[in-house]
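I sat down with this one to look up its two ligand sites. Here are my notes, in the order I ended up liking best.

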Amino acid sequence: MKDSNCIFCKIANGKIPSTTLYEDEDFRVILDLGPAARGHALLLPKEHFADLFELDEKTASKAMVTAKRMAARMKAALGADGFNLVQNNGEAAGQTVFHFHMHLIPRYKDDHAGISWKPGNTTPEEMAEVKRLVENQ
Ligand code: 5GP
Ligand code: ZN
């Protein structure tokens, strides 16, 4: 399914031009217009899934394999020192475009991409509670 109001459906299916690094029948990998670091790319399925929770397992599997292959190619081609795979779901998690995508972000020793979080605190009780809730879901 494609969503006629979705910009990433249009880009993934070639209706809006993009700088494409890779394309196959299911995915397009494009350069992000607001890169966190040089070569920051987005892996987009050609079908519309709003987020990870809508994604079917076959597409999810293929997305990870494609991301792994692209990461290796991009790291070698761009001389990156490291690599982040980032994938946001929901406004609370920083998602701004509601068509599933994976960020492929080459990292360099002195870049300022700043993809990090401040480590918080937890307790054995909280960890046990989280474990119980997830295991019983
Ligand atoms: P999110 O915040 O949803 O995880 O990521 C959305 C990403 O899409 C951002 O990194 C943003 O720079 C990128 N983006 C938004 N609109 C466009 C566009 O029209 N073309 C491209 N290439 N990237 C876009
Ligand atoms: Zn879409």
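**Notes on the two sites**

I started with the shell around ligand 1, and found that its largest share, three residues, comes from H1. I kept in mind throughout that this is a predicted model. H1 and strand E2 (27-31) each supply at least two residues of that shell.

Next I looked up which residues come nearest to ligand 1. Of the 16 around it, they are Leu31, Asp32, Asn88, Thr96 and His103. By character, I noted eight nonpolar residues, seven polar and one charged in the shell.

Then I went through the polar contacts. The side chain of Asn88 places an N or O atom 2.9 Å from an oxygen atom of ligand 1. Two backbones join in: a polar backbone atom of Gly94 is 2.9 Å from a ligand 1 oxygen, and one of Thr96 is 2.7 Å from a ligand 1 oxygen. I also checked the cover: ligand 1 taken alone exposes 520 Å², and the protein buries 79% of that.

On to the zinc ion (ligand 2). I listed its protein donors as Cys6 (SG), Cys9 (SG), His48 (ND1) and His99 (ND1), at 2.0 to 2.3 Å. Along the chain, these donors are spaced C-x2-C-x38-H-x50-H.

Why do I call the arrangement tetrahedral? Because the four donor atoms subtend angles of 103 to 116° around the zinc ion. For reference, I jotted down that the ideal tetrahedral angle is 109.5 degrees.

Last, I traced one donor pair. Cys6 sits in the segment before helix H1 (7-12) and His48 in the loop between strand E3 (41-45) and helix H2 (57-78), so the two tie together parts 42 residues apart in sequence. I found both Cys6 and His48 buried.

Note on methods
Residues numbered from 1 in each chain as written. Chains lettered and ligands numbered in written order. Predicted model: local features only at pLDDT ≥ 70, side-chain atom pairs only at ≥ 80, totals over all residues. Heavy atoms only, no water. Donors = N, O, S within 2.8 Å, 3.2 Å for Na, K, Ca; no water. Tetrahedral: all angles 85-135°; square planar, octahedral: opposite > 155°, others 65-115°. Helix = DSSP H or I, 4+ residues; strand = E, 2+ residues; numbered from the N terminus. Buried < 20%, exposed > 50% of the residue type's maximum accessible area, 1.4 Å probe, protein only. Near = heavy atom within 4 Å. Polar contact = N/O pair within 3.5 Å; in protein donor to acceptor, adjacent residues only side chain to side chain. Areas by Shrake-Rupley, 256 points an atom, 1.4 Å probe, with all protein chains shown as cover. Nonpolar A, V, L, I, M, F, W, Y, C, P; charged D, E, K, R; others polar.
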